[in-house]
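Colleague: I've just opened this one and would like a hand finding my way around. Could we start with the contacts to the RNA?

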Amino acid sequence: MAKKIITSALPYSYAIPHLGNFVGSVLPADVYFKYLKMKDEDAIFICGSDQHGTAIELQALKDKVDPEVLSNSFHEKIKSLFESMGCTFTYYGKTHTAENKTVVYEIFKALEANGFIGEIESIQAYCNIDKHFLADRFIEGECPFCHGLKARGDQCDTCGRLLEPDQIINPHCTICGNSDITFKKTKNLALLLDKLQNRIKEFIETTGEKSENNWSKNAINESLGLIKVGLKPRDITRNMKWGFPVNDERFGDLVFYVWFDAVIGYIGITKEWDPSRWEEYWKSSDTELIQFMGKDNIEFHTVVFPAILIGSNLGYIMPSSIKAYEYLTSKTVKFSKSSKIGLNIENALAILPSDYWRFSLMYMCPENSDSEFSIDLLSEIINKIMNDKIGNLVNRVLVLYKNNLSLLRSRIGNSMLNPEIKKYKEQYDSHFSKLNIRNALLTIVELATFGNALLNTSEPWALAKMSGSDQSKKDAFVNVMSDLLKVVYSIGILLWPFAPRASSSILSYFGIENEPNFSMLEDDINLIAGKEVAPIFQKISDDQLAELGKFSTL
RNA sequence: AGCGAGGUAGGGUAGUCUGGAGUGCCCGUCGGGCUCAUAACCCGAAGAUCGGUGGUUCAAAUCCACCCCUCGCUACCA
């Protein structure tokens, strides 16, 4: 059987991911992975913390801590929050490890030997107080055009013009606030994407445009657009301290630029997971690599990472599927990772349990276009869909069963509904195989609507009342209940990737304590008699609304 | 400015590749039914110049051209 590697874009470990970060990559990857496990696929789910880069180094400088300590502490925190969200990674690693370093060097040396590494010379600002090269956006001063005083080295926020750092009047360093800045010539290494352009183009055309690989439209077209414009060499080093040193006398203080070791991190993290098995996945011709990410990350996965893999020519597999999500936005609720404010997954979990977030976020998942998050929308999904439509159906059927045990015990038999259930099963399966994960969730909602309609039209409560005197009513009641219980059971299984806790609690009525398997949909059901029935979902409470309201901008 | 993605009833979405009566779904509204259930559920109805303008066609939400609006990338952010 083909192996599968599922990846989610690596969260940058200097702040807690917010709801948009979570729904745009880790959550759908986790849902998809759970679906694959339910189908007994040989799949691994790899993710981890992206630890290097200017932002973390400067944050550490400001906080007067070691960047490794800073990023490790966020790493531990983020990892445990994802786990609290019900995510079950095969391995959640990080990029600053000996394993990743080994892979980075190996790939770099191969790229260099194959002629795909060049040098780029540029002028860069240097703070003589901090003894640190400054990224453009860490220089602030007066805009040469509008003379606003808050212009940064890359852009003036007052007039919106793009700037070069040496255009700033009276520049100062935003880290220490001093003006002792000089511009120095620096040399960086670059990946010669221009020399790999034709092979990347071929990769996108053969892999990306093949319909069964299910690349999202934005990923294919943005990549082809970049190629149409023409790929340029791209820096892979930075003149700073935090990162993997290039370790070559010719290049002094350079470290690898964060994006280079971050994309390679997918491999390094797998190696960290299992030093003896990682190659089975990364170097086996029958492995599919399925990558989930936000739309801002497309180029790194469709151009940069493939270029690294092609150029190094070390036998690593190429990505097969690229699924890029749009953004979850909000005009009414604050969430921003870079400014570290608003509703992140930590305070979200403090308000509502993980299933509620997993379900509602996937329900509003920005699969094809940006979607707008609001407390009203969240409440609607929880109250009307999860609670009323699904939770209430489960409760209605289980209570009917429990209240009529004497009529039903040992008589619940084969449901006549199997062809109907099969239809939903196939629809669900087809959506997942096309990576239309939101639509798979909608299939469950449709099945619940079907169950509610069946319940209303067949009126089992009426049959139960008449069954005392009428054998045919009694038989009809048993048959209807067999069908309804089969619907509830099926919902329990299909819900597993999205809401594992709710799934487990539904399946516990059917005597199932382990992770469900997709093939169980075909099985006859088995009920635990007399088990106390409790609602699986609840409506959002006023207290919870009040807590959520604290993140409102209104 | 260049390169992408999106704009479909009051709100949200699917349909667009491969043209066939505005077809579908969720919420909201209105009317009816039901009383097993968490005041939940079911049935029915109203509600859309498919962002705009032109074009191709017997036929356009769908194909082409131009324009408008939103978001992303084009950054020494990742």
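Modeller: Keeping in mind that this is a predicted model, a good place to begin is R234, where a polar side-chain atom lies 3.2 Å from a base nitrogen of RNA strand B.

Colleague: And what does a polar side-chain atom of R396 lie 2.5 Å from?

Modeller: That atom of R396 is placed at 2.5 Å from a base nitrogen of RNA strand B.

Colleague: What about N368, which part of RNA strand B is 2.6 Å from its side chain?

Modeller: For N368 the partner is a phosphate oxygen of RNA strand B, which is 2.6 Å from an N or O atom in the side chain.

Colleague: Which residues come nearest to RNA strand B?

Modeller: There are 58 residues around RNA strand B, and of these D50, S122, Q124, N221 and N392 come nearest. If you look from the side of the RNA, sugar and phosphate make up 73% of the atoms of strand B that come within 4 Å of the protein.

Colleague: Which element gives the most to that surface?

Modeller: That is α12, which gives 12 residues to the surface near RNA strand B. Several elements supply at least two residues each, including α2, β4 (117-127), α6 (217-229) and α15 (437-458).

Colleague: How many charged residues does the surface have?

Modeller: The surface near RNA strand B has 22 charged residues, together with 19 nonpolar and 17 polar ones.

Colleague: Staying with α12 for a moment, is L378 buried or exposed?

Modeller: L378, which has its place in helix α12, counts as buried because its relative accessibility is 0%. Leaving aside residues up to four places away in sequence, L378 touches L352, W357, S360, M364, F373, I540 and L548.

Colleague: How far apart are L378 and A125?

Modeller: They are 253 residues apart in sequence and 46 Å apart in space, taken from C-alpha to C-alpha.

Colleague: You mentioned α2 as well, so what does T54 touch?

Modeller: T54 lies in helix α2, which covers residues 54-63, and apart from residues up to four places away in sequence it touches Y12, A135, F138 and M240. T54 counts as buried because its relative accessible area is 19%, under the 20% cut-off.

Colleague: Changing topic, what order do the strands have in the open sheet of 5?

Modeller: The order is β3-β2-β1-β13-β14, and the pairing is parallel. β3 (91-94) and β14 (321-325) stand at the edges with a single partner strand each, so one side of each has no neighbour in the sheet. On average, neighbouring strands of this sheet are turned by 20° against each other, ignoring direction.

Colleague: How many bridges join β2 to β3?

Modeller: 4 bridges join β2, residues 42-49, to β3, and S49 stands opposite K94 in β3.

Colleague: Which strands does helix α3 lie across?

Modeller: Helix α3, residues 67-84, lies across β2 and β3 and runs at about 165° to β3, while helix α9, residues 298-312, lies across β13 (287-294) and β14 and runs at about 145° to β13.

Colleague: Last one, how many helices and strands does chain A come to?

Modeller: Chain A comes to 19 helices and 18 strands, and its C-alpha trace spans about 95 × 55 × 40 Å along the principal axes. Of its 554 residues, 57% count as buried, and among contacts between residues at least 6 apart in sequence, 76% join residues at least 24 apart.

Notes
Residues numbered from 1 in each chain as written. Chains lettered and ligands numbered in written order. Predicted model: local features only at pLDDT ≥ 70, side-chain atom pairs only at ≥ 80, totals over all residues. Heavy atoms only, no water. Pairing = 2+ DSSP bridges. Axes fitted to C-alpha atoms, helices over the stretch in contact; angles between N-to-C directions. Contact = heavy atoms within 4.5 Å. Buried < 20%, exposed > 50% of the residue type's maximum accessible area, 1.4 Å probe, protein only. Near = heavy atom within 4 Å. Polar contact = N/O pair within 3.5 Å; in protein donor to acceptor, adjacent residues only side chain to side chain. Nonpolar A, V, L, I, M, F, W, Y, C, P; charged D, E, K, R; others polar.
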